[in-house]
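Below are some notes for a colleague who is opening this structure for the first time. Please read them with the model in view.

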Amino acid sequence: MQITTKRTGSQLTAFLSGELDHHSAAQVREILDGALTLDIRALSLDLSGITFMDSSGIGVILGRYRIMRERGGTLRVS
């Protein structure tokens, strides 16, 4: 699993590649949550490089959705 992030103002885009499964989910959560400073209002997850995802990956996405919703922000998955 590889993650790169790009911040533009209050938007954070995360580019994920590899397998997002139960082996990598905790690491992905840690990296994304560390990058989600309080001034981020929009999170975009680019999953075009993901080769496999299981239910743990879905959990990562839903968890970041909840965080953004609580902040009044948005989450986009592409």
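1. From the N terminus on, the elements follow the order β-β-α-β-α-β, so that the chain contains 2 helices and 4 strands in total. Please keep in mind throughout that this is a predicted model.

2. On overall dimensions, the C-alpha atoms of the chain occupy a box of roughly 30 × 20 × 20 Å when the principal axes are used as its directions. The radius of gyration is 11 Å, and because a compact globule of 78 residues would be expected to have a value near 12 Å, the chain agrees with that expectation.

3. The strands deserve attention next. In what order do the 4 strands lie in the sheet? They form an open sheet in the order E1-E2-E3-E4, and the pairing within this sheet is mixed. Its edges are strand E1 (2-8) and strand E4 (74-77), each of which pairs on one side only. From one strand to the next, the twist averages 15°.

4. The pairing of E1 with strand E2 (residues 11-20) can be described in more detail: the two strands run antiparallel and are joined by 7 bridges. One residue pair that a reader may wish to locate in the model is Lys 6 with Thr 13, the latter being the bridge partner in E2.

5. Both helices should then be viewed against the sheet. Helix H1 packs on the sheet and touches E1, E2 and strand E3 (42-53), with a direction that makes about 170° with that of E2. Helix H2, for its part, lies across E2, E3 and E4, and runs at about 180° to E3.

6. The two helices also meet one another. The axes of helix H1 (residues 25-35) and helix H2 (residues 55-70) come within 9 Å and cross at roughly 20°. Because angles under 35 degrees count as roughly parallel, H1 is described as roughly parallel to H2. The crossing of H1 and H2 is right-handed.

7. Which residues of H1 and H2 meet? On the H1 side they are Ala 25, Val 28, Arg 29, Leu 32 and Asp 33, while H2 contributes Ser 56, Val 60, Arg 64 and Ile 67. Sorted by character, the residues of this contact of H1 with H2 comprise 5 nonpolar, 1 polar and 3 charged. A reader following the contact in the model could begin with Leu 32 of H1 and Val 60 of H2, which are among the residues listed for it.

Note on methods:
Residues are numbered from 1 along each chain as its sequence is written. This is a predicted model: local features need pLDDT of at least 70, side-chain atom pairs count only at pLDDT 80 or more; totals for chains, interfaces and linings use all residues. Side-chain values use heavy atoms; hydrogens and water are left out. Axes are lines fitted to C-alpha atoms, for helices over the stretch in contact, and angles run from 0 to 180 degrees between N-to-C directions. Angles under 35 degrees count as roughly parallel, over 145 as roughly antiparallel, 65 to 115 as roughly perpendicular and the rest as oblique. A crossing is left-handed if the near helix is turned anticlockwise from the far one by less than a right angle, and right-handed if clockwise. Contact means heavy atoms within 4.5 Å. Ala, Val, Leu, Ile, Met, Phe, Trp, Tyr, Cys and Pro count as nonpolar, Asp, Glu, Lys and Arg as charged, and the others, Gly among them, as polar. Two strands pair if DSSP finds at least two bridges between them. The radius of gyration is taken over C-alpha atoms; the globule rule is 2.2 Å times the number of residues to the power 0.38.
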